[in-house]
Amino acid sequence: MNKEEIDQIIMNVPESGQGEGRESPTKRFKRDLIEFFEPLHLHRCVEVSSLKGQTTYILSHIFDEVYFVEQPGLLQHHWEIAKNGILKDRNNVIPIALDAYKDPWSFKDVDVFFIDCGHVFSCACQDIDNVKKILKPNGYIIFHDWGLPLCGEKGVQRAIKYKQLPILKFIGERILFNEEDVFQFTFTDYADFEGVIVQLKGE
Ligand SMILES: C[S@@+](CC[C@H](N)C(=O)[O-])C[C@H]1O[C@@H](n2cnc3c(N)ncnc32)[C@H](O)[C@@H]1O
């Protein structure tokens, strides 16, 4: 993919802003995903979870097949919005109803998991345990919201450190959150990066 093709894909997704708009990673994060993963030509990516499909749209240009996961009560609603909108022309996306914290994860031959779901420590630990059981050897995990403070702590960050996952790369913007209201934030050079890529070598 050349720079113009990447720019075109990025232009097609709305920017994630403050307040209600902060529901998806930033454009910088999405660009970093393309630049890192597209040259690797990997096959299957599972996104837990997808909401309205903004990052799914990006992933669908990088991988042959993308699973759009949402909790059972919301899947139909979000999938309709996505399929009638941003994912209209994408034919490699498969919707899956899954309660990530109650149902078993039974995906096969997964090269990459994109985890953007519960975000508190207990949920992030459960996500990691589920992924480790089924990810292909040398597969990757992308976590969004590495620095998001919820319930008084950065749950995703703490879980990744607690589970001793090897961080390969930080991606996205550096975001300083207002701990009283995480929908209020600024981009700064000294805050945590938005996300991380982990590779589970040989596991
Ligand atoms: C931050 S949003 C995902 C944004 C999306 N990845 C994107 O990039 O645009 C978090 C999503 O997790 C979903 N979620 C929350 N609890 C869940 C659960 N128990 N099982 C599955 N999905 C869940 C929410 O419905 C929501 O869509």
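Q: Why is Glu-65 called partly exposed in this model?
A: The model is predicted. Glu-65 has 17 C-beta neighbours inside 10 Å. A buried residue would need 20 or more, and an exposed one would have 12 or fewer. The value of 17 lies in between, so Glu-65 counts as partly exposed.

Q: What makes His-43, Arg-44, Asn-92 and Ile-94 contacts of Glu-65?
A: Contact requires C-beta atoms within 7 Å. These four residues are in contact with Glu-65 when its neighbours within four places in sequence are left aside. Glu-65 itself belongs to strand β2, which covers residues 65–70.

Q: Why are β3 and β9 called edge strands?
A: The open sheet has eight strands in the order β3-β2-β1-β4-β5-β10-β8-β9, and its pairing is mixed. Strands β3 (93–97) and β9 (181–187) each pair on one side only, and they are the edge strands. From one strand to the next, the twist averages 25°.

Q: How do you know that β5 and β10 pair?
A: Two strands pair if there are at least two bridges between them. Five bridges join β5 (residues 135–144) to β10 (residues 192–199), so the two strands pair. They run antiparallel. Ile-142 has Ile-197 as its bridge partner in β10.

Q: Which strands does helix α5 touch as it packs on the sheet?
A: Helix α5 (residues 121–134) touches β1 (44–48), β4 (110–115) and β5, and its direction makes about 155° with that of β5. Helix α4 (residues 72–84) lies across β2 and β3 and runs at about 130° to β2.

Methods
Residues are numbered from 1 along each chain as its sequence is written. This is a predicted model: local features need pLDDT of at least 70, side-chain atom pairs count only at pLDDT 80 or more; totals for chains, interfaces and linings use all residues. Helices (H or I, at least four residues) and strands (E, at least two) are DSSP runs, numbered from the N terminus. Two residues are in contact if their C-beta atoms, placed from the backbone, lie within 7 Å. Axes are lines fitted to C-alpha atoms, for helices over the stretch in contact, and angles run from 0 to 180 degrees between N-to-C directions.
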